[in-house]
There are 2 protein chains.
Amino acid sequence: MSIETDIKQKKFRSPYQRLALNLIYTSNWIQYQQVDGFREHDITSQQYNVLRILRGQYPSPIKVSDIAERMLDKNSNTSRLIDKLLAKKLVDRKSCPNDRRAVDVVITEAGLELLKKLDPVVDEWDNNMNAITHEEADLISSLLDKIRESKNNN
Amino acid sequence: MSIETDIKQKKFRSPYQRLALNLIYTSNWIQYQQVDGFREHDITSQQYNVLRILRGQYPSPIKVSDIAERMLDKNSNTSRLIDKLLAKKLVDRKSCPNDRRAVDVVITEAGLELLKKLDPVVDEWDNNMNAITHEEADLISSLLDKIRESKNNN
DNA sequence: ATACATATAATGTTGAAACATCTAATCAGT
DNA sequence: ACTGATTAGATGTTTCAACATTATATGTAT
């Protein structure tokens, strides 16, 4: 459905405004799918995001601040997210030997297994985008990059 | 900056996955701007969203459920959002004469004035997208619509 | 070496989101 | 008209997000 129909707004102040609303709306739409899908695995999208970052580094540990830097939601409270993951034994945490302020985090076997189980589910969500081509997806990605880029140079 | 750099992830499982992450990331990025900008006006993005919906109907009233339907975040608790707006005297609320279950909401003069003050600010955010053209913005919008459309038909 | 600034993570607090439940009004079928 | 189902909105509760503050460790300049 067009964004006009979805939010029942006929006119926008500019194509940019329509795009901004569409981006937020579509992002929410994607995230609802995820929240629903992750619920039965007793994990949140943010926790999943952390686990995936940890897998990207595995078997190397990674500091809490580096995790925070890589998250989609830069405001998330990484300390407490890791508390939750630790309670579920999906990650290990130990003080970093080189810098006693820092804390090293590693994904556990159980964490890796959970991700493995979730991979096909997540792939399926992503592939639900196949109403557009790979090339179109890449085109959007590069245009979004361009949008964010320009603002940083203000 | 490219999404690869922003979230420091070099490889994605597919162009669709990169797009999904980019959409969420960019949506968050847009919303942070808004939260910051609205703060000094003592209003949240969601409250702003409600006010804009109300202005779209002005001077007609609109039911709470109709507001909920038009919101970007379909899960928001519209009742309590309107409580907040009422407390700031930005909206009026009265029982709907035709259906005593329903509640009619109208934006007040103060609400309209606030929106008027915010319009140039919001336009400026939207126009920060001018690293891409109007045509490119419309192209993205229509591709996003296509993505959501396909899922509804599953 | 000391003092001050910065970096890192944890914690405290407040308000909102998420979700379920509840009440009242309306509708639909008999 | 009566029953059950549905709709609309409000409210209760728990968890989480947002933001500020704190504690400790490290870096830097004198």
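This tour goes through a predicted model, stop by stop, with something to select at each one.

**Before you start**

Residues are numbered from 1 along each chain as its sequence is written, while chains are lettered from A and ligands numbered from 1 in the order in which they are written. In this predicted model local features need pLDDT of at least 70, side-chain atom pairs count only at pLDDT 80 or more, and totals for chains, interfaces and linings use all residues; side-chain values use heavy atoms, with hydrogens and water left out.

**Stop 1: chain A, coloured by confidence**

Select chain A and colour it by pLDDT, the predictor's confidence in each residue, from 0 to 100. The mean for chain A is 90, and 97% of its residues reach 70 or more. Confidence in chain A is lowest in helix H1 (residues 3-6), at a mean of 86, and highest in strand S3 (residues 103-107), at 95. Helices (H or I, at least four residues) and strands (E, at least two) are DSSP runs, numbered from the N terminus.

**Stop 2: DNA strand C**

Select DNA strand C and the residues near it, meaning those with a heavy atom within 4 Å of the strand. There are 19 of them, and the closest are Arg39(A), Ser65(A), Ser79(A), Arg80(A) and Lys84(B). Of the atoms of DNA strand C that come within 4 Å of the protein, sugar and phosphate account for 67%.

Now show the polar contacts (pairs of N or O atoms within 3.5 Å; within protein, one must be able to donate a hydrogen and the other to accept it, and residues adjacent in sequence count only if both atoms are side-chain atoms). An N or O atom in the side chain of Arg39(A) is 2.3 Å from a phosphate oxygen of DNA strand C. At Ser65(A), a polar backbone atom is 2.5 Å from a phosphate oxygen of this strand. The side chain of Arg101(A) has an N or O atom 3.3 Å from a sugar or linking oxygen of DNA strand C. Helix H4 (64-70) and helix H5 (78-87) of chain A, together with helix H5 (78-87) of chain B, are the elements that give two or more residues to this surface.

**Stop 3: DNA strand D**

Move the selection to DNA strand D, which 20 residues surround; the closest are Arg100(A), Arg39(B), Ser65(B), Ser79(B) and Arg80(B). Here sugar and phosphate make up 65% of the strand's atoms that come within 4 Å of the protein. Lys84(A) has a polar side-chain atom 3.0 Å from a phosphate oxygen of DNA strand D. For Arg39(B), an N or O atom in the side chain is 2.3 Å from a phosphate oxygen of the strand. A base oxygen of DNA strand D lies 3.4 Å from a polar side-chain atom of Asn77(B).

**Stop 4: the sheet of chain B**

Select the three strands of chain B, which form an open antiparallel sheet in the order S1-S3-S2. Strand S1 (62-63) and strand S2 (91-95) are at the edges with a single partner strand each, so one side of each has no neighbour in the sheet. Strands pair if DSSP finds at least two bridges between them, and two bridges join S1(B) to S3(B). Pick Lys63(B): its bridge partner in S3(B) is Asp104(B).

**Stop 5: backbone details**

Select Tyr58(A) and Pro59(A), whose peptide bond is cis, with omega near 5 degrees. Pro59(A) lies in the loop between helix H3 (45-57) and strand S1 (62-63) of chain A. In chain B, the bond from Tyr58(B) to Pro59(B) is also cis, with omega near 5 degrees. Last, select Lys89(A), in the loop between H5 and strand S2 (91-95) of chain A; its phi is near 60 degrees, a positive value in a residue other than glycine.
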